[in-house]
Amino acid sequence: MALGVAEIAGIIGCFLQGLGVCTPIITDKATQARLNDQQVRKQLMNMVHSMSTITDLCKYSEKNQLTEERERQEGWLNRLKDLAYDLDDLLDEFNTIMIRSESLEICSPTSHTALNVLCPKVDNTMSSKMEEISVRWALLSSQFKMIDGESRSKHSDSSISTVEESDVYGREEEKRSLIKLLFDSNQDGDGMSVISIVGMGGIGKTTLAQLVYNDTSVKEKFEERVWVYVSQEFSVESITKSIYEKIMRTNSSSNDLNTLQEGLRETLAKRKFLIVLDDVWNRNIRTWENLRIGLRTGGPGSRIIVTTRDEAVASLVGSGHYLTHRMNILTDENCRKILTHYAPMSFKESDVASRLAKKCKGVPLAAMVLGGNLRLKEGKRWESASESGAWDHAMETHILPVLQLSYYDLPTHLRNLFASCSLFPKEQEHGFDKKEFVDLWMREGFLEYPRKNQSREELGIEYFDELLLRSFFQHVNGSDTKFVMHDHMHALAESVGGRIYYYLNEKIDAMQEYQVPQGTRYCSFLRQEKETFEKFKGLSNVKGLRSFVAMPIESHGSHSSLPDKILNELVPQMLTLRVLSLSGYKSITKLPDDICKLFHLRYLNLSGTGISTLPNSLNDLVNLHSLLIQDCPLQFSKEDLNQVRFIAEINLGLRTKHRTQ
């Protein structure tokens with residue numbers, strides 16, 4: 001049976017969502033009727049034919065950008081994403097024409113002149129643009145060549161239970177605190193007590209667990225101690241067998257889970273044990289229940305230590321009785337000690353050491369890698385190596401790959417949300433409220449339809465909390481409501497976001513010009529008191545921009561100024577723009593009539609500006625559903641509001657909604 005237009009559009013919508021593109025699916029009957037042109041249908045069907053293969057390739061290529069094929073794969077993936085965005089814009093353009101034609105028909109139901117004029121135009125436009133997209137699609141498909149699975153980059157490092165304590169700096173207090181928890185009899189429950197060590201990659205979770213595991217008092221307290229490296233390749237059978245063999249101090253020929261568990265129960269009966277499960281990712285509760293079966297006979301005071309990036313894992317291991325230790329970042333001084341420990345002797349007393357230590361941002365892995373890289377320099381050649389070059393190399397070759405494991409462990413719907421966080425400024429002394437992140441996701445259309453009886457805001461909060469559990473965000477010290485992204489996590493967001501998400505500030509080339517990559521779709525920038533046109537000049541060459549946002553979103557009494565040329569000349573060229581937020585610029589007193597060209601626009605934030613009138617052309621923006629104009633010198637009457645058709649929400653600062661008829 002042939003697919004209908006709604007089904008075709010639905011398949012394309014699912015594909016685009018997999019790429020992080022949220023598209024409005026065409027479902028209204030009038031639009032479907034216009035789409036029934038056989039040539040258009042054929043072109044869509046040709047694309048649908050290889051949809052699943054291309055989607056799989058997209059996910060595969062994204063995960064393998066650190067292989068020797070990186071440059072070729074990254075270029076291919078960028079072209080695929082460009083195609084997805086352009087297809088989405090084309091469908092939205094078609095949908096917009098249909099909405100406008102229906103509006104004309106409603107206003108004058110006896111006159112079909114305008115509608116009849118539009119229909120051929122729609123068909124011709126759709127057909128020609130679809131032809132161009134189909135050619136690009138065919139080219140990308142022909143370039144597809146799946147690389148053999150053996151060449152895929154996988155993280156296979158393991159951990160050991162020993163560590164040289166003299167090589168560790170700044171963890172003395174945390175070590176004492178954890179040992180105290182291990183010995184605390186108040187933590188003895190009906191089952192095993194679990195202590196989870198939680199933190200981002202490279203923060204030192206394994207090192208802290210090693211310090212505790214090898215402490216003399218811990219060795220004396222526990223009759224049995226076992227260290228097991230778990231990683232992402234989680235298997236109950238292999239972990240159970242590893243524990244059994246280490247306790248029995250012999251290899252087992254059996255791989256039968258029941259046999260191994262029975263042997264463990266007999267061996268551990270009434271014996272106090274300490275088991276460290278290092279680098280745990282698995283969230284399957286049934287898997288953990290199966291693992292616990294062989295450990296339940298242990299004596300009172302038995303403990304399991306889990307190191308993980310995901311706080312939710314601890315609750316599954318502990319079955320309700322668990323404690324969490326969140327890793328602290330190191331001081332700059334301790335980072336300097338680690339850096340100089342691994343760096344050349346001549347480096348130890350240099351001023352460069354302190355400056356590079358600050359760049360590590362409290363992450364010991366960064367300091368260790370950077371010091372090791374500098375040691376490779378012969379004699380004093382490290383002095384000629386630029387600080388930025390040494391740091392960039394360490395980030396690209398060691399630090400980001402470790403953090404990327406966390407990113408690729410995310411469900412697909414969370415990856416795009418995390419990548420979009422690169423639109424926020426890196427330096428935020430007081431942190432962000434989670435509402436700021438959720439508002440960004442809602443405004444940009446990144447949140448899919450929520451479950452029944454759940455609002456989009458509630459869904460966004462749920463997703464934020466999930467990223468928080470996985471150590472992508474951190475609480476600001478002393479605050480339960482403010483959050484920050486560690487600098488290295490922000491660098492990860494920039495890395496995985498690539499050219500799609502672009503934060504404009506501080507990205508100036510040698511000619512002192514702001515360069516914006518072709519292919520940028522979402523652009524943010526930090527609001528300045530007095531902006532210059534040169535800052536935004538690079539955007540004139542960017543096609544397909546969807547979002548142009550001044551940060552922070554809420555202007556908080558800002559009195560910034562924006563050159564007229566930006567709003568009157570640059571913005572009207574952003575024909576695919578969906579989100580425009582210029583809040584806080586008092587110099588903006590009116591919108592240009594050309595604003596009507598931005599027919600994709602959904603969200604317009606002019607709060608805190610000096611705008612006093614709205615152009616009549618605003619009515620042509622049939623997709624606009626949110627207009628924020630609080631703290632503006634606008635004078636509105638009820639009749640004026642009724643003239644602003646199509647807009648579902650007008651925010652005047654009272655948090656009220658105006659529903660149009």
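User: Why is the pairing of Asp215 and Lys175 called a salt bridge?
Analyst: The side chains of Asp215 and Lys175 meet at 3.2 Å, taken from N to O. The term requires a side-chain nitrogen of Lys or Arg within 4 Å of a carboxyl oxygen of Asp or Glu, so the pair qualifies. The model is predicted: local features need pLDDT of at least 70 and side-chain atom pairs count only at pLDDT 80 or more, whereas totals for chains, interfaces and linings use all residues. Residues are numbered from 1 along each chain as its sequence is written, and side-chain values use heavy atoms, with hydrogens and water left out.

User: What parts of the chain does the salt bridge of Asp215 and Lys175 tie together?
Analyst: Asp215 lies in the loop between helix H8 (205-213) and helix H9 (216-221), and Lys175 lies in helix H7 (residues 172-183), so the pair ties together parts that are 40 residues apart in sequence. Helices (H or I, at least four residues) and strands (E, at least two) are DSSP runs, numbered from the N terminus.

User: Are Asp215 and Lys175 buried or exposed, and how is this known?
Analyst: The label rests on relative accessible area: buried means under 20%, exposed over 50%, and partly exposed in between (1.4 Å probe, protein chains only). Asp215 has 16% relative accessibility, so it counts as buried. Lys175 has a relative accessible area of 10% and is therefore buried.

User: What makes Arg521 and Asp82 a salt bridge?
Analyst: The N to O value for their side chains is 3.2 Å, which satisfies the rule for a salt bridge. Arg521 is in the loop between strand S9 (501-503) and strand S10 (522-526) while Asp82 is in helix H5, so this pair ties together parts 439 residues apart in sequence. Arg521 and Asp82 are both buried. They also belong to a network of salt bridges that links Asp82, Asp86, Glu132, Arg136, Arg499 and Arg521. By the same rule, the count of salt bridges comes to 30.

User: How do you know whether Lys81 is buried or exposed?
Analyst: Its relative accessibility is 13%, so Lys81 counts as buried. Lys81 lies in helix H5 (residues 70-107). Its C-alpha atom is separated by 9.0 Å from that of Gly519, although the two residues are 438 residues apart along the chain.

User: How many residues apart are Asp439 and Lys435, and in which helix do they lie?
Analyst: Both are in helix H19 (residues 434-444), four residues apart, which is about one turn of the helix. Their side chains meet in a salt bridge at 2.7 Å, N to O. Asp439 has a relative accessible area of 24%, so it is partly exposed. Lys435, at 32% relative accessibility, is therefore also partly exposed.

User: What makes the arrangement of H10 and H12 parallel, antiparallel, perpendicular or oblique?
Analyst: The axes of helix H10 (residues 236-248) and helix H12 (residues 285-292) come within 10 Å and cross at roughly 25 degrees. Axes are lines fitted to C-alpha atoms, for helices over the stretch in contact, and angles run from 0 to 180 degrees between N-to-C directions. Angles under 35 degrees count as roughly parallel, over 145 as roughly antiparallel, 65 to 115 as roughly perpendicular and the rest as oblique. H10 and H12 are therefore roughly parallel to each other.

User: Which residues of H10 and H12 meet?
Analyst: With contact defined as heavy atoms within 4.5 Å, Val236, Ile239 and Thr240 in H10 meet Thr287, Asn290 and Leu291 in H12. By class, this contact has three nonpolar, three polar and no charged residues. Here Ala, Val, Leu, Ile, Met, Phe, Trp, Tyr, Cys and Pro count as nonpolar, Asp, Glu, Lys and Arg as charged, and the others, Gly among them, as polar.

User: Why is helix H21 called mostly covered?
Analyst: In H21 (residues 487-497), nine of the eleven residues are buried. Among them are Asp487, His488, Met489 and Leu492. Gly498 follows H21 and has a positive phi, near 55 degrees.

User: What is notable about the phi of Lys270?
Analyst: Phi is near 65 degrees, a positive value in a residue other than glycine. Lys270 is in the loop between helix H11 (257-268) and strand S3 (273-280). Its relative accessibility is 72%, so Lys270 counts as exposed.
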